[in-house]
Amino acid sequence: MKVAIIHNYMDNIGGAEKVALTLADELNADILTTNINYNAIKNMGFSNIKIKSIGKVPINAPWRQQKAAFLFRFKKLPKYDLYIIDGDWAMSAAVNNKPNL
């Protein structure tokens, strides 16, 4: 089964990002996100996970959240058997990407 985890941003690594990375590692899933800090992810030992950016978002609010919600809502995401939505702004991806959790 091909699984994708849709997460807001992977540029500031905190608890939510660690959960998404651990989940992707355990489920052999890809992560679809916006901004990515590859060095931080590699330093945490998750270099084996395939992380794909769907586009860049600004650093500052409120444009960061608005652009992320827009990208997840209207960007054509790759086809997967299941989408796990992990993040408040990524929630807008649920409209066009099914089945989702």
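User: What do the buried residues of α1 pack against?

Analyst: This is a predicted model, so let's read the packing straight off it. In α1, the buried residues are Glu17, Ala20, Leu21 and Ala24. Their packing partners are β1, β2, α2 (38-43), β3 and β4.

User: How wide an arc do those buried residues cover around the axis of α1?

Analyst: Start with the general rule: an α-helix has 3.6 residues a turn, so residues three or four places apart point the same way. Glu17, Ala20, Leu21 and Ala24 are the buried ones here. They sit on the same side of α1 because the arc they cover is only 95 degrees.

User: Which residues are exposed on the other side of α1?

Analyst: Exposed here takes over 50% relative accessible area. Across from the buried side of α1, the residues that are exposed are Gly15, Val19 and Glu26.

User: What is the phi of the residue that follows α1?

Analyst: The helix itself has 13 residues and reaches 18 Å from first C-alpha to last, close to the 18 Å expected. Asn28 comes after α1, and its phi is positive, near 55 degrees.

User: Which element gives the most to the largest nonpolar core?

Analyst: That core has 16 residues, and Ile6, Leu32, Ile54, Phe72 and Leu77 have the most contacts inside it. At least two residues each come from β1 (3-7), α3 (63-74) and β4 (82-86). With three residues, the top contributor is α3.

User: How many residues are in the second, separate core?

Analyst: Its members include Ile5, Met10, Ile51 and Ile84. Ile6, by contrast, is listed for the largest core. The count for the second core is 14 residues.

User: How far apart are the closest N and O atoms of Asp11 and Arg64?

Analyst: These two are 53 residues apart in the chain, with Asp11 in the loop between β1 and α1 (15-27) and Arg64 in helix α3. Both are buried. They form a salt bridge, and the closest N and O atoms are separated by 2.8 Å.

User: Is Lys52 buried or partly exposed?

Analyst: Lys52, in strand β3 (residues 51-53), pairs with Asp30 in strand β2 (residues 30-33); the closest N and O atoms of this salt bridge are 3.8 Å apart. Asp30 has 13% relative accessibility, so Asp30 counts as buried. Lys52 has 28%, so Lys52 counts as partly exposed.

User: How many salt bridges does a search of the whole structure find?

Analyst: One is Asp11 with Arg64. Another is Asp30 with Lys52. The search of the whole structure gives a total of two.

Terms used. Residues are numbered from 1 along each chain as its sequence is written. This is a predicted model: local features need pLDDT of at least 70, side-chain atom pairs count only at pLDDT 80 or more; totals for chains, interfaces and linings use all residues. Side-chain values use heavy atoms; hydrogens and water are left out. A nonpolar core is a set of buried Ala, Val, Leu, Ile, Met, Phe, Trp, Tyr and Cys residues joined through side-chain atoms within 4.5 Å. Buried means under 20% relative accessible area, exposed over 50%, partly exposed in between (1.4 Å probe, protein chains only). Helices (H or I, at least four residues) and strands (E, at least two) are DSSP runs, numbered from the N terminus. A salt bridge is a side-chain nitrogen of Lys or Arg within 4 Å of a carboxyl oxygen of Asp or Glu. The expected span of a helix is 1.5 Å times one less than its number of residues. The arc is that of the directions from the helix axis to the C-beta atoms. Contact means heavy atoms within 4.5 Å.
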